[in-house]
Amino acid sequence: MKAIVFVEQRDGNIKKSSCEAIHAAAGRFDSCTAVVLGPDLGDAYAGLGAYGASKVIAVNGDGLEKYSVTAYAKAFCDIVRETGADVVLFSATAMAKDLAPRVAVRLEAALASDCTALSVEEGDVIATRPVYAGKAFIRVSLSTPVKIFTLRPNVFTIAETSDAQAEVERRAPDLGEEDFSVQVVETKMSSGRKDVVEADVVVSGGRGMGAPENWNLIEELADVLDAATGASRAVVDAGWRPHAEQVGQTGKTVSPSLYIACGISGAIQHLAGMSSSKCIVAINKDPEAPIFNIADYGIIGDVMEVLPALTNEIRAVVGK
Amino acid sequence: MNIFVCISHVPDSTTKIKVGPSGKEIDEEGVTFILNPYDEYAVEAALQMKEKHEGEVTAVCVGDDAVKETIRKALAMGVDKGLLIKAERTRDSFGIAQAIAGAIRDKSPDVIFCGKQSIDYDSCQVAGMLGEILGMPSVSAIVGLEMNGDGSVTLERDIEGGQEISTTKLPAVLSTDKGLNEPRYPKLQGIMAAKRKPIEEIEAPPYENRVRVLDMRMPPAKDAGKIVGEGVEAVPELVKLLHEEAKVI
């Protein structure tokens, strides 16, 4: 089977999770072509060979500098049709959630979102994906000739890279004004802190933090670990933290290598959003808190005392 | 304005999920169903738009008779009428989008709101598919919405590490995220009025799922972890374990 991967760029950088998708495709299918829309990235295109892309199709041109769901859908689908790919992969980012459904309709292809495993079995592609925010998993098979999967970031880890360079083909898209019926006019990036879905380490706080002004303790630990900050639904609903940080069934689902839950009791809807993290640390004063049932390591104690000590101790180890 | 809001009927977020006898779906025994939380923002956005620009709001739901109670919840919030598109509740996202598109294409919608995802299958697909099928623009997971004088709308959505501002023209399909507004609670009067509001029922054309569920499983059980200790004294041991055993720092 021939795979094609939609590669996303932000601010001139290729997203790590798109590289994960290339790597996942290269290890499972006969060939992997990466398609990169947007501003010219120069030498970075050929570098995608390191993750297993044999070919990169770079599409630059008028209007594609800024994301437009309608124009991107048309430009990308034109390439998928032409290459005759059987499998289309995206990383399940905010852009893919916007774009992939339109691509699926255009290609008359079934779409499985946010997959956490993908395998080829007897000529069919079987995907595993969480449902009910991870309280259960389903395995699915897609009945259409072209099959589309979006892959959850941070799950398909990149085991190794090579020195290979991909063959790069540049193209101009065939787009008219009518293709830009939705147009991004501005992108506002917040400074510094990583996004909770993309980060490899997440430091998350709940009611046990006591008050929003205590969040500096969360942020200090996050700084030392180069981590994203997360929050429970209770503190988001109380207005202590923005919704973009919420982890759980009505927020983000995350799978970092390390998740540190500070003063979070572990309501079922929170656990659904973070229980697939590879290592979970919980700090809570209530020894009966459900978070301890899924934590790899726990400390029973007042988070306001434990957290600063933990930050100091980790700083000594990581040397920041 | 002719405003549509697509809603879904989902298990409450506090539900403990069990796999049912089919091995492909959950066991619905004892499960409380609610209006999908993300759809509450869609209903609220629809009602605010009606209040500012006049018109009518129709709540659309694909499912069996059981979903009528969820349509009534939207009616109780202030939606004018319901449209139940009768179909099996196991339809995949494309099946749902196609059924909705078929039912409302001729009703000249000015705007179609959806929740960004249903908290059961979490697919985030219906809004974009509906837009593509109807040939309308779509913007997913909005947290900001401004109507401009010229029939265009300015939308804000969260992306990784920031926000994206986009513009489009109505008619359009917009899916809503938490943060867009504060959904109103139904008042007693609204709940009473909802009982008398009309729910039109139509049959969806037959459809065969493109996404076939092979089986549903519970997540692998996680071994109970280790309580390292109590209070500040346990911190050095925890950091040692994270560094040497888990190798995550």
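**Close-up 1. Val5(A) and its bridge partner in strand E6(A).** In this predicted model, Val5(A) has Leu89(A) of E6(A) as its bridge partner. Val5(A) pairs across from E6(A) in a setting where strand E1 of chain A (residues 2-7) and E6(A) run parallel. The two strands are joined by 3 bridges.

**Close-up 2. Strand E6(A) beside strand E11(A).** E6(A) also pairs with strand E11 of chain A, residues 147-151. The sense is parallel, over 5 bridges. Here Val88(A) has Ile148(A) of E11(A) as its bridge partner.

**Close-up 3. The two faces of strand E6(A).** Side chains in a regular strand alternate between the two faces of the sheet. On one side of E6(A) lie Val87(A), Leu89(A) and Ser91(A), and on the other Val88(A) and Phe90(A). These residues are all buried, so both faces are covered. Strand E6 of chain A spans residues 87-91, and 5 of its 5 residues are buried, so the rest of the structure largely encloses the strand.

**Close-up 4. An open sheet with strands from chains A and B.** Four strands line up in the order E8(A)-E9(A)-E10(A)-E12(B), with antiparallel pairing. Strand E8 of chain A (117-121) and strand E12 of chain B (211-217) stand at the edges. Each has a single partner strand, so one side of each lacks a neighbour in the sheet. On average, neighbouring strands of this sheet are turned by 25° against each other, direction ignored.

**Close-up 5. Strands E9(A) and E10(A).** Strand E9 of chain A (residues 124-131) runs antiparallel to strand E10 of chain A (residues 136-142). The pair is joined by 6 bridges. Arg129(A) stands opposite Ile138(A) in E10(A).

Definitions and conventions: Residues are numbered from 1 along each chain as its sequence is written. Chains are lettered from A and ligands numbered from 1 in the order in which they are written. This is a predicted model: local features need pLDDT of at least 70, side-chain atom pairs count only at pLDDT 80 or more; totals for chains, interfaces and linings use all residues. A residue is buried if 20 or more other C-beta atoms lie within 10 Å of its own, exposed if 12 or fewer, and partly exposed in between; C-beta atoms are placed from the backbone. Two strands pair if DSSP finds at least two bridges between them. Axes are lines fitted to C-alpha atoms, for helices over the stretch in contact, and angles run from 0 to 180 degrees between N-to-C directions.
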